[in-house]
Every structure is written in C-alpha cells, then in structure tokens.
Amino acid sequence: MGKCSGRCTLVAFCCLQLVAALERQIFDFLGYQWAPILANFLHIMAVILGIFGTVQYRSRYLILYAAWLVLWVGWNAFIICFYLEVGQLSQDRDFIMTFNTSLHRSWWMENGPGCLVTPVLNSRLALEDHHVISVTGCLLDYPYIEALSSALQIFLALFGFVFACYVSKVFLEEEDSFDFIGGFDSYGYQAPQKTSHLQLQPLYTWVMALNRVGWGDQSVSVGKEGWGGHLISPRPHFLGSTFLICLCFLQVGVASSSRPPWRPVLCG
C-alpha cells in the first residue's frame with residue numbers, strides 16, 4: 001500500500017502540473033510570449049513522460065523527469081526575477097520573452113482583473129504599426145500575476161521532484177530483488193533438454209570363428225550396428241549352434257556390464 005500511495009501521489013502531482021502548464025501555455029500564446037511557449041511545451045512533454053514512467057514502473061523515465069524539474073524550477077525563478085525587475089533586468093529594455101521579435105507584453109497587462117484600457121491617440125511614443133494604451137484600475141498588476149503563476153509552478157515542481165526520487169528508488173529496489181520484466185532469464189533459467197538413455201554399442205562377430213565350426217560353406221549375414229544383429233543360416237550344425245549361443249550370451253554379459261539399461265540381443 002505504501003508503494004501504491006507514493007505512485008498515486010506522484011500521478012496526482014503530475015496531473016496538476018499538466019493542467020497548470022496547459023493553462024499557462026494558453027495565456028502565453030495569447031500574449032505572443034515565444035520563450036515561455038517553448039519552455040511550456042518541453043515541460044508538458046516531461047510531465048507526460050513522468051506519468052508514463054510512474055504507471056509503467058520505469059525508473060529511468062522518472063529520473064529524466066526529476067532532472068527536468070530542476071531546470072524548470074530555475075526557469076520559473078528567472079521569470080519571477082524578470083517581471084519583478086530584480087537586479088539589472090528591465091521589461092522596458094529587455095524583450096527576452098518574445099526573442100526580441102515584438103514589443104508584446106504579458107496578456108494579463110491589458111486583461112487583468114479590473115483593468116481599464118484607454119488608447120492614447122497621437123502619441124509621439126507610438127512606433128510604426130503600434131499604438132499606445134493606458135492601463136488603469138487593475139486590482140493586481142500583471143507582473144505579480146506572472147510571478148504568482150511561476151511560484152505555483154515551482155511549488156508543484158518541488159513536490160514532484162521529491163516524489164519522483166522516492167518512487168524511482170522504490171522501483172530500483174524492486175528491480176534488484178526480482179527482475180519482473182525479464183522473467184527467469186536473470187536467474188539463468190534454461191529449458192530442460194531431452195536426453196536419451198539409449199547407448200548404441202556395436203556387436204562384432206568373428207566370421208572366422210564360425211568357419212572353424214563348420215560354417216564356412218554356409219551363407220552368413222552379420223549385423224554390425226546396434227543390438228539388433230542377426231545371424232541367418234539355412235542349415236546350422238549342432239556344434240555351430242551351440243558355439244553361436246555361447247558367443248551371444250558372452251557378448252550380452254560384457255555389454256550389459258557397461259550400460260545401465262538392458263537390451264536383448266536377437267540371435268537367429
């Protein structure tokens with residue numbers, strides 16, 4: 001249950017991060033903020049990777065997700081400093097968010113809560129194809145809205161980083177204890193191989209011995225492979241038959257002493 005609670009909590013934080021990133025992406029598109037748009041896109045991909053790694057028990061994906069969260073915290077800290085004009089940063093001079101391609105500001109500048117927008121006609125400050133506006137009556141200025149949005153991203157990222165490290169550690173410990181992906185391969189499991197207990201031993205018969213007992217003129221067929229050797233004679237003599245039977249039993253005794261299973265020798 002502890003492992004499940006950690007995974008479920010991480011998935012919940014990832015879903016919150018995904019919703020917050022999508023919300024921020026929409027307003028950045030409306031304000032033509034190209035740098036945040038690119039960063040939000042990478043963040044959305046990293047969060048999806050984190051969710052997939054949590055559900056599929058992939059510790060490497062969680063490590064990549066945690067590494068990205070470190071960069072994401074640094075980026076949002078820079079946004080807070082930029083909109084609050086910390087140090088040498090200035091919104092009137094630096095157009096980093098638009099890659100210096102336009103003079104657009106945040107969408108919340110004109111559409112903040114309670115803001116009243118009044119166009120200024122015949123202003124000398126207006127550039128070509130641009131107009132000057134006056135924004136008054138805002139309950140909360142747009143720099144603070146952007147700073148609060150970045151602070152929320154940092155809050156979610158810190159909790160996501162902690163749970164990602166915890167869950168990835170649990171997954172690594174489980175992989176060390178039992179390789180549930182590779183099955184029995186990690187333990188050197190091999191399928192049983194069929195072995196044959198049949199050991200073929202050649203049976204050699206001396207034809208010269210048969211000739212000595214009166215078999216010289218008879219047709220002899222000698223089996224040379226396995227235990228199925230056959231001796232065929234149309235008219236065997238009594239002494240020849242007796243010697244043949246003794247020879248067969250002698251070879252059976254020698255062969256049976258060298259192998260466990262017993263196999264008959266057919267003699268005819």
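In what order do the elements of the protein run from the N terminus on? In this predicted model, the order is α-α-α-α-β-β-α-α-α, made up of seven helices and two strands. The two strands thus appear in the order after four helices and ahead of three further helices.

The protein comprises 268 residues, of which 31% count as buried. Its accessible surface was computed as about 17,500 Å², and carbon and sulfur atoms contribute 66% of that area. When contacts between residues at least 6 apart in sequence are considered, 62% are found to join residues at least 24 apart.

The packing of two helices was examined in detail. Helix α2 spans residues 34-55 and helix α3 spans residues 59-83; their axes lie 9 Å apart and form an angle of about 150°. Because angles over 145 degrees are classed as roughly antiparallel, α2 and α3 are assigned to that class with respect to each other. The crossing of α2 past α3 is left-handed. The contact of α2 with α3 contains 16 nonpolar and five polar residues, whereas charged residues are absent from this contact.

Within helix α2, attention was given to His43. The relative accessibility of His43 is 0%, and this residue therefore counts as buried, the cut-off being under 20%. Beyond residues up to four places away in sequence, His43 touches Gln17, Ala21, Trp68, Leu69, Trp72 and Gln153. Among these partners, Trp68, Leu69 and Trp72 fall within the range of helix α3, residues 59-83.

Definitions and conventions. Residues numbered from 1 in each chain as written. Predicted model: local features only at pLDDT ≥ 70, side-chain atom pairs only at ≥ 80, totals over all residues. Heavy atoms only, no water. Axes fitted to C-alpha atoms, helices over the stretch in contact; angles between N-to-C directions. Parallel < 35°, antiparallel > 145°, perpendicular 65-115°, else oblique. Left-handed = near helix turned anticlockwise from the far one by under 90°. Nonpolar A, V, L, I, M, F, W, Y, C, P; charged D, E, K, R; others polar. Buried < 20%, exposed > 50% of the residue type's maximum accessible area, 1.4 Å probe, protein only. Contact = heavy atoms within 4.5 Å. Areas by Shrake-Rupley, 256 points an atom, 1.4 Å probe, with all protein chains shown as cover.
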